[in-house]
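Subject: Handing over a structure

Dear colleague,

I am passing on a structure for you to look through at your own pace. Please open the sequence and the coordinates side by side, and then read the notes that follow.

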Number of protein chains: 2
Amino acid sequence: MHCSVHFLPADVRVEVPAGTLIHEAAIRAGLHDLELPCGGQGTCNECIVEVNERLVPACQTPVRADVVVRIPQTHVAGMRVVSDSNQLAGNLLKELGKLTPLYLSEKILVPPASIDEHYSDWNRLTRVLNEKYPDASISASLLVLHLLAEALREADGKATVGIREIAGGVHVLDIRAGHTEQSPLGLAIDIGTTTVVVQVVDLVSGHVLSTRTSYNMQLRRGADVISRIDYARTPERLAEMRELVLKTINTLLVEIGPKPDEIRAAFISGNTTMIHLLLGLQPKYIREAPYVPTVNPTPALTAAEVGLAIHPEAVVEFAPGVGSYVGGDITAGLLASEIPSNHDGVFLFMDIGTNGEIVIGNAEWMISCACSAGPAFEGAGIKCGMRATLGAIEQVSINGALSYKVIGDGKPAGICGSGLISLLGELFKAGAVDQSGHFSDGSHSFQVERGALTDSGEDLIITDSDIENLIRTKAAIYAACTLILDKVGLKWTEISRVYIAGGFGRYLQIPDAIMIGMLPDLPHERFTYIGNSALTGAYIALLSRQHRHKLTEIASKMTYVDLSSDPRYMDGYVKAMFLPHTDWEQFPSLHAVLENQRREQS
Amino acid sequence: MHCSVHFLPADVRVEVPAGTLIHEAAIRAGLHDLELPCGGQGTCNECIVEVNERLVPACQTPVRADVVVRIPQTHVAGMRVVSDSNQLAGNLLKELGKLTPLYLSEKILVPPASIDEHYSDWNRLTRVLNEKYPDASISASLLVLHLLAEALREADGKATVGIREIAGGVHVLDIRAGHTEQSPLGLAIDIGTTTVVVQVVDLVSGHVLSTRTSYNMQLRRGADVISRIDYARTPERLAEMRELVLKTINTLLVEIGPKPDEIRAAFISGNTTMIHLLLGLQPKYIREAPYVPTVNPTPALTAAEVGLAIHPEAVVEFAPGVGSYVGGDITAGLLASEIPSNHDGVFLFMDIGTNGEIVIGNAEWMISCACSAGPAFEGAGIKCGMRATLGAIEQVSINGALSYKVIGDGKPAGICGSGLISLLGELFKAGAVDQSGHFSDGSHSFQVERGALTDSGEDLIITDSDIENLIRTKAAIYAACTLILDKVGLKWTEISRVYIAGGFGRYLQIPDAIMIGMLPDLPHERFTYIGNSALTGAYIALLSRQHRHKLTEIASKMTYVDLSSDPRYMDGYVKAMFLPHTDWEQFPSLHAVLENQRREQS
């Protein structure tokens with residue numbers, strides 16, 4: 001018996017045999033946003049879905065009849081929310097069309113030799129490949145030659161080759177007899193200063209098999225790029241930094257658990273310093289005039305060279321950056337937002353991680369800049385801050401009483417970026433925090449929930465120094481946006497679309513972000529939260545040749561402006577150190593809302 | 001003070017400071033035929049030259065005044081003798097023109113970055129390389145990226161890069177600060193069934209720094225290709241065979257002594273089986289219908305993959321072969337003889353090693369075949385046989401009394417190929433051996449010199465079974481030539497040039513070779529002895545891109561004919577088992593000479 005499963009809100013239907021788990025049905029439907037951190041044991045509740053108004057774990061719940069399954073998503077009024085995993089679902093894959101991943105699995109038929117046509121195995125293989133890739137020079141590793149004779153004889157010439165396209169040619173990395181259905185795997189990796197994300201991708205279907213995140217182990221050697229560069233000045237320390245980030249990635253891989261040998265390609269996005277540290281390249285020149293990194297772009301390397309614990313000959317490519325302070329994470333992010341091609345007006349792109357990077361432009365030109373935002377929105381440097389994982393408060397509302405939403409719907413363990421923005425915005429709106437970021441009642445902290453304790457056994461609170469931290473961060477970003485707008489002679493109102501990237505959490509509350517003055521006071525429908533766009537960009541580039549070219553194009557079109565040398569930046573920063581801003585004229589609609597609200601309250 | 005040194009017979013002059021060793025002067029003059037097996041210690045006499053009618057070691061003798069130096073060469077009347085090392089001297093290098101070796105050392109100037117033009121080191125390097133190689137995709141190994149920042153800063157942007165041209169691009173293998181004068185080294189390697197030769201080449205000047213030969217250590221596992229294929233049937237034995245040939249090559253490299261890391265490229269010629277065994281590829285399919293090797297051509301690999309004890313990323317390329325039994329040694333040999341381009345009439349090329357390979361053709365077409373010759377001419381299977389090295393009798397004449405010439409002019413240690421041909425020819429001419437190869441006096445051996453002992457303490461003799469061995473070898477070759485001529489409908493007299501390649505010794509005596517019926521009875525000026533042409537071809541290909549392309553062209557133009565399936569081959573073989581042949585009509589001029597001589601003697 002087959003049952004029809006209708007997934008919402010994606011509006012995708014799939015027929016599966018009765019007994020199929022909802023999670024498997026979702027994968028068949030091309031929906032890959034149900035992570036299984038506990039490996040499908042039913043213990044983590046990360047894959048909770050809504051069936052007949054009941055919440056059930058998708059990894060444990062079989063389909064017994066025709067059913068409607070809603071994958072939880074929050075739609076904030078007037079704003080398109082695109083979470084990390086949603087982006088990777090059906091629509092994106094459909095847009096990519098026929099996949100042309102970094103590592104391609106090709107099913108071929110190599111006719112056997114005969115007495116009259118006794119061409120060597122290699123010769124016959126190259127002839128077949130040259131039909132698919134005319135004029136390409138074909139190369140191979142010795143490993144492939146060792147497999148070649150048997151692979152071509154075992155299944156009457158039917159074989160599956162794994163190749164990598166290179167300039168002017170094709171490099172064969174693997175050959176197996178028969179037309180195997182086993183897909184090679186690839187990695188999309190985002191190396192952030194604070195957070196590292198590894199995503200395992202099926203290179204044939206494009207499906208995301210797993211996404212896993214952890215803090216960058218380099219954190220113990222400095223919270224930001226500058227302190228890491230300073231730390232890595234000696235060869236020994238540089239080697240240590242390299243080992244730390246490799247250990248971060250390789251540990252995530254072990255946790256995810258694919259066989260290392262099955263992973264044949266990786267596409268990495270990261271800021272320029274992170275890429276230098278990953279490769280063991282001395283990053284000090286990034287900080288010394290004329291601020292020139294060693295690599296940017298970074299040439300393709302092998303996994304063995306890089307030190308990734310995957311197939312040693314797997315190709316590793318890197319998103320190209322623009323300057324020392326605008327790296328491949330930003331170009332990848334722009335690729336993910338598909339801004340340069342699909343958008344008419346002027347866009348603003350902001351990626352808020354430990355550094356804030358801002359790009360303004362349109363299909364013709366792009367200007368980028370960077371500011372030191374600090375890792376507050378990634379949960380670091382905040383008393384009860386945490387990454388946007390299970391147990392994190394991701395959304396708060398104060399409507400008389402305070403209520404909140406926890407990732408996984410369990411007990412709160414801390415507050416992630418989106419939760420902090422939401423909390424601060426609500427506290428300010430409710431008048432509990434004043435414009436300068438102090439608690440109106442003169443206290444130094446606010447208890448989010450009475451009696452609730454964090455993992456470390458402390459009260460779940462937000463302190464005035466947390467708020468100061470958050471204000472510094474949002475001020476740095478807002479001031480950077482203001483200055484770059486000023487430089488191109490545009491007003492906020494001329495921006496027709498704002499893309500916000502970053503690891504805040506799944507659902508960034510745009511009204512709250514405007515409320516605290518992190519985002520400008522524009523109509524909500526102009527904002528799109530695109531989550532970890534650096535990872536999404538890496539995923540797209542891993543799968544699509546056309547988009548790898550586009551990435552190079554984005555990097556070449558973009559120019560970089562150094563804000564730190566402009567005295568107006570500090571002015572703008574100081575002005576933005578209030579909630580939402582010292583200059584109410586910049587937040588006209590907000591002003592009206594607040595006035596109304598406070599009038600009602602009083 | 002400078003002195004003029006005039007080298008003969010090359011007729012090359014060079015000015016050197018007084019005190020310069022003759023050997024160094026020869027290298028400056030572009031003459032590289034003075035080997036220094038003892039490393040310039042003056043103990044081996046391999047570099048003896050003639051100065052003022054005195055023989056002196058070139059490695060020990062300084063130039064004190066203007067001087068004429070004669071490098072010993074034997075010019076046999078009516079025949080151009082081209083020895084291995086002569087070929088590599090001035091003329092060949094001149095013909096190659098500007099060198100384009102597999103590994104290119106480029107002196108570049110990379111302008112420093114500035115605040116306004118703060119492109120990364122890699123970006124600036126690729127811009128400079130793209131000026132030299134427009135539209136080339138530039139790649140690099142991580143090792144290069146590690147050196148990059150310092151290399152570009154140490155000498156104000158002056159740097160020397162080591163690159164390898166690949167299809168569609170350029171791969172950077174090394175970078176050093178400054179414009180270094182130290183040349184990278186390359187290897188030309190000929191892997192014969194019996195003999196392996198390794199030549200170390202300066203990749204900037206093209207000069208041969210050393211050539212060293214040894215028996216292939218695989219010999220202990222079978223004398224010919226067929227027995228080695230049979231031996232290597234199990235994975236363990238295949239691995240053993242691979243290790244044996246790698247040990248042969250790597251031991252030669254240790255003896256020669258360059259730093260492994262300085263060697264950045266290798267070009268290898270060898271028959272198809274030898275290449276398979278070198279790469280650990282199961283060669284059994286070469287012997288099984290439809291006789292299809294795994295690789296041919298063989299794609300470029302790295303030294304680390306192959307197992308050569310040189311720079312691990314050094315590129316290793318292979319001469320392409322034609323069929324299972326006509327390998328890259330033959331195409332390389334044809335490249336060395338420059339037949340396909342410079343010659344109008346029909347040529348015959350024969351490479352006589354453990355296998356005899358024969359090619360007939362012209363600029364338009366080429367037909368090749370192979371016969372099992374046996375290693376007699378390389379000294380194997382002959383009682384006092386030896387390779388053409390120090391102490392080998394390389395030439396014999398019987399003019400009443402017997403006299404001979406020893407390589408190095410010392411005590412004879414054995415007889416090499418050219419000596420055996422010469423000895424048998426002279427014995428036959430003198431009537432001491434009859435047409436069927438038996439000693440006329442009924443004895444079973446002939447003492448070359450009374451009282452002379454070989455290294456192993458035995459008498460220096462040639463036995464009747466040695467002669468039988470030599471006759472079998474020459475008959476196989478001659479029969480193959482006759483049949484292939486027959487197949488293309490040509491007569492011997494229509495051949496305008498005969499190229500003879502093989503490791504006989506420095507000076508093959510053409511009249512003696514005709515006398516024993518190894519070579520056809522044609523005017524002597526039609527013959528050219530080109531020595532180890534497989535090695536010379538590898539040397540040329542190592543140094544010249546154009547000739548690497550030509551090598552591919554040669555392989556693609558050539559067709560292969562299987563002699564063993566033609567019953568006429570055995571007929572021809574049996575007829576050729578006499579001295580010179582059962583059919584005197586094939587040796588008309590010889591018949592007359594012999595009749596005359598014998599009439600005089602009687």
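A good place to start is A:P580, which is found in the loop between helix 17 and helix 18 (588–601) of chain A, where helices (H or I, at least four residues) and strands (E, at least two) are DSSP runs numbered from the N terminus. The peptide bond that leads from A:L579 to A:P580 is cis, with omega near -15°.

Before going further, please note that residues are numbered from 1 along each chain as its sequence is written, while chains are lettered from A and ligands numbered from 1 in the order in which they are written. This is a predicted model, in which local features need pLDDT of at least 70 and side-chain atom pairs count only at pLDDT 80 or more, whereas totals for chains, interfaces and linings use all residues.

Most residues other than glycine have a negative phi, and most peptide bonds are trans. A second cis peptide bond joins B:N296 and B:P297, with omega about 0°, and B:P297 is found in the loop between helix 8 (272–278) and strand 15 (301–302) of chain B. A:D409, although not a glycine, has a positive phi of about 65°, and this residue lies in the loop between strand 21 (401–406) and strand 22 (414–415) of chain A. A:D409 is exposed, with 12 other C-beta atoms within 10 Å; a residue is called buried if 20 or more other C-beta atoms lie within 10 Å of its own, exposed if 12 or fewer, and partly exposed in between, with C-beta atoms placed from the backbone.

Helix 17 (residues 567–575) of chain A has A:Y569, A:G572 and A:Y573 buried. Seen down the helix axis, the buried residues of helix 17 of chain A fall within an arc of 100°, so they line one face of the helix; the arc is that of the directions from the helix axis to the C-beta atoms. On the other side of helix 17 of chain A, A:P567 and A:V574 are exposed, and what covers the buried residues includes helix 13 (464–488) of chain A.

In chain B, helix 13 (residues 464–488) holds B:T473, which counts as buried with 27 C-beta neighbours inside 10 Å. Not counting residues up to four places away in sequence, B:T473 touches B:A373, B:G374, B:A376 and B:F377, where two residues are in contact if their C-beta atoms, placed from the backbone, lie within 7 Å.

How do the two chains fit together, and what rotation superposes chain B on chain A? A rotation of 180° with 0.0 Å of shift along its axis does so, with an RMSD of 0.1 Å, and the two copies are thus related as by a two-fold rotation axis; copies are superposed by least squares on the C-alpha atoms of residues with pLDDT of at least 70 in both. Of the residues of chain B, B:G168 comes closest to this axis, at 2.0 Å (C-alpha).

The contact between the chains takes 38 residues from chain B and 38 residues from chain A. On the side of chain B that touches chain A, the largest share, five residues, comes from helix 5 of chain B. Since 100% of the interface residues of chain B are also interface residues in chain A, the copies meet through the same surface.

With best wishes
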